[in-house]
Amino acid sequence: MTRRVGTRVSVETGEQEGAQETTALKRALTTPLLYFFILGDVLGAGVYVLVGQVAADAGGAVWVPLVVALLLALLTAASYAELATKYPRAGGASHYATRAFGPVAGFVAGFCMLAAGIVSVAALARGFGGDYLSAFVTLPVGLVALLFLALLALVNARGIKESTRANVVATVVEVGGLAVIVVLGAWLLLRGDGDVGRLTQLGTPEKGTAAAVLSGSVLAYYSFVGFETSVNVAEETRDPRRSYPRALFGALATAGAVYVLVGMAASAAVPTARLAGSSGPLLEVVEEAGGVPPRLFSAIALVAVANGALLTGIMSSRLAYGMAKDGLLPAALTKVLPGRRTPWAAIAVTTLPAMLLALTGSVATLASTLVLLLLVVFLLVNTAVLVLRREPGEADHFHTPTALPVLGIASCVVLATQIEAQVWLRGLTIVTVGTVLAALTTVRRTRRADGDTRASG
């Protein structure tokens, strides 16, 4: 059974397609499930490994770049809230860019988002097979990554409701683990250990205050990405115009509060140099405080990594499905499982390259490329929300103040200037490939349209 989801304007003609649009996907997400979906995606593996790197760039006042990164993320989140409630489609950023700038821009946005999602899942798969798992068993990272990705694909194909219910449990575990860090940090201070003075130490011998905040904010920004994936399940949300803004801003606010508390606890509990030199900075807090078995915390970290990978995998498959619906990818990717009504073809196509990347790339290389790809997408989304003001949309959709997307555009440019040249080279290569593929797709569609016109004539 299909369900009506509101009016739509044709991307190709710009004309009204009819009073209502239908979706083949099952509308199963409520506001609480969507909230946990976003929260679980944002509270992923990043915070478990990035606190130390932020400390290395910014000094002991880790909480400052975390707050700055939250504010920057909220700028782009406001644009997503308007567009997701105006156009509740699985294509997400690709669909918005297509409507605003045409199919080439839509393909580039979708390709970058799709590449970022696949890269992220591959990085998380390698992270799952790394140090946290070695606390229990030692296995080849590549083998673990392949088995991990295959299992995630099966859970994804099982159904959106089942996947998001698993996410609720995993998110509770993640938040519980971070709460343990906050409590342990407070306990250290109460017993006279730790140093609250580190919370005001901003800057490093190599960087002044401003440079330290900006550099640290780029790393901290990675901890907040994930909210953008939720637009790809708007088509599976029961009431997206009501649910999406509440779930989005609520989840980001929760994640921001948790991150700031975790950053303060870690910095006060562990000397900055030790925190900065650790690949598992939160484990340093556990070991410093005592009372919590390191294996238990490693298990929590593994749940966090798995949950982030699952949600990103859901995003990638829904994005591929939405791009196929817009004619930007082969129509075969719109195939869904009977009964389950999940996009099995898109799930398979996004899982295979993630497996290849997990076997050939490092976590650091994959993660750094992800950030740049997302900044390209965010720049297009913040611009698209302004351009699409010419389309009225539904009367009750969320409307963000014009200043926010403008500031969002500026934030993308500023953050991009802080990314290393070698990452730019990799990122621009991916963007160039996407642009070429977009041009080829446009030529193919034009020729097909001309052929149809001649045939009808």
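## Helix α16 and its length

The expected span of a helix is 1.5 Å times one less than its number of residues. Let's try that on helix α16 of this predicted model. The helix covers residues 403-416, and its 14 residues should span 20 Å. Its end C-alpha atoms lie 20 Å apart, so the expectation and the model agree.

Which residues of α16 are buried? They are Pro 405, Gly 408, Ser 411, Cys 412, Leu 415 and Ala 416. Looking down the axis of α16, you would find these buried residues within an arc of 125°, so they line one face of the helix. Some general background helps here: an α-helix has 3.6 residues a turn, so residues three or four places apart point the same way.

## Thr 400, in the loop before α16

Between α15 (363-387) and α16 there is a loop, and Thr 400 is found in it. Is Thr 400 buried or exposed? Its relative accessibility is 0%, so Thr 400 counts as buried.

Leaving aside residues up to four places away in sequence, Thr 400 touches Ala 78, Glu 82, Arg 389 and Pro 405. Pro 405 is also one of the buried residues of α16.

## Where α5 meets α14

Now for a pair of helices. Helix α5 (residues 103-128) packs against helix α14 (residues 344-360) at an angle of about 50°, and their axes are 8 Å apart. That angle makes α5 oblique to α14. The crossing of α5 past α14 is right-handed.

On the α5 side, the contact is made by Leu 114, Ile 118, Val 119, Val 121, Ala 122, Ala 125 and Arg 126. From α14 come Thr 350, Pro 353, Ala 354, Leu 357, Ala 358 and Leu 359.

Note on methods. Residues numbered from 1 in each chain as written. Predicted model: local features only at pLDDT ≥ 70, side-chain atom pairs only at ≥ 80, totals over all residues. Heavy atoms only, no water. Helix = DSSP H or I, 4+ residues; strand = E, 2+ residues; numbered from the N terminus. Buried < 20%, exposed > 50% of the residue type's maximum accessible area, 1.4 Å probe, protein only. Arc of directions from axis to C-beta. Contact = heavy atoms within 4.5 Å. Axes fitted to C-alpha atoms, helices over the stretch in contact; angles between N-to-C directions. Parallel < 35°, antiparallel > 145°, perpendicular 65-115°, else oblique. Left-handed = near helix turned anticlockwise from the far one by under 90°.
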